[in-house]
Amino acid sequence: MSFLQVVTASTPVLAVFLFLVLLRLPAAKAMPISFVITVVLSLFVWKMPGIQVAAATIEGVIVAMSILW
C-alpha cells in the first residue's frame, strides 16, 4: 500500500479532525464539508458508482436516525 493510498483513505477522518479540532468549526458546518470531501473522493479517486454512493448515504441517514430515535 502506497503512502498516497493511505492518505486518501484516511482523508475523511483527517478532514473531520481538521475542521473540528484545528479550525474549531461547529459540527453543523464541519460534518457537511467532510461529507462532500468524502463523496468527491469516492466518486473521482476510488471510482465508486454514484448509485453506490447514494445508497451508502441513505443507509447512513437511516442509521443516524435510528440512533437519534
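**Entry 1: Ile33**

I started at Ile33, which is partly exposed at a relative accessible area of 35%. My cut-offs: buried is under 20% relative accessible area, exposed is over 50%, and partly exposed is in between, with a 1.4 Å probe and protein chains only. I found Ile33 in helix 2. Helices (H or I, at least four residues) and strands (E, at least two) are DSSP runs numbered from the N terminus.

Leaving out residues up to four places away in sequence, I see Ile33 touching Phe19 and Leu25. A contact here means heavy atoms within 4.5 Å. I also checked Ile33 against Gly50: they sit 17 residues apart in sequence and 18 Å apart in space, C-alpha to C-alpha.

**Entry 2: what I am looking at**

Note to self: this is a predicted model, where local features need pLDDT of at least 70, side-chain atom pairs count only at pLDDT 80 or more, and totals for chains, interfaces and linings use all residues. Residues are numbered from 1 along each chain as its sequence is written, and side-chain values use heavy atoms, with hydrogens and water left out.

I get three helices and zero strands for the protein chain, in the order α-α-α along the sequence. The C-alpha trace spans about 40 × 35 × 15 Å along its principal axes. How much of the chain is buried? Buried residues come to 14% of the 69 residues.

**Entry 3: helix 2**

I took helix 2 next, residues 27–45. It has 19 residues and reaches 25 Å from first C-alpha to last, close to the 27 Å expected at 1.5 Å a residue. The expected span is 1.5 Å times one less than the number of residues.

Which residues of helix 2 are buried? I listed Ala30, Ser34, Val39, Leu41 and Ser42. They cover an arc of only 165 degrees around the axis, so they are on the same side of helix 2. The arc is taken from the directions from the helix axis to the C-beta atoms. The face turned away from that buried side carries the exposed residues Ala28, Lys29 and Phe44. As for what covers the buried residues of helix 2, I noted that it includes helix 1 and helix 3 (50–68).

**Entry 4: Ser34 and Thr8**

I wanted two polar side chains to look at in detail. Ser34 is buried, with a relative accessible area of 3%. Not counting residues up to four places away in sequence, Ser34 touches Ala15, Val16 and Phe19.

Thr8 is in helix 1. Is Thr8 buried or exposed? Thr8 is buried, at a relative accessible area of 14%. With the same sequence neighbours left out (up to four places away), I find Thr8 touching Leu41, Val45 and Trp46. Of these, Leu41 is among the buried residues of helix 2.

**Entry 5: the surface**

The protein chain exposes about 5400 Å², and carbon and sulfur atoms supply 79% of it. Accessible areas come from the Shrake-Rupley method with a 1.4 Å probe; for residues, only the protein chains shown count as cover.

I then looked for a nonpolar patch and found one of about 600 Å², made by Phe17, Leu18, Leu20, Val21, Leu22, Leu23 and Met31. Patches are built from residues with over 30% relative accessible area and no salt bridge, joining like charges within 9 Å and nonpolar side chains (Val, Leu, Ile, Met, Phe, Trp, Tyr) within 5 Å. A salt bridge is a side-chain nitrogen of Lys or Arg within 4 Å of a carboxyl oxygen of Asp or Glu.

Which helix gives the most to the patch? Helix 1 (residues 3–22) does, with five residues. I picked Phe17 from the patch: it lies in helix 1 and is partly exposed, at a relative accessible area of 42%.

**Entry 6: loops and the start of the chain**

I checked the loops for positive phi. Arg24, in the loop between helix 1 and helix 2, has phi near 55 degrees, a positive value in a residue other than glycine. Arg24 is exposed, with a relative accessible area of 72%.

Lys47 is in the loop between helix 2 and helix 3. Its phi is positive too, about 60 degrees, although Lys47 is not a glycine. At 64% relative accessibility, Lys47 counts as exposed.

Last stop was Met1, in the segment before helix 1. Met1 counts as exposed at 82% relative accessibility. I put Met1 and Ala56 at 25 Å apart in space, C-alpha to C-alpha, with their positions 55 residues apart in sequence.
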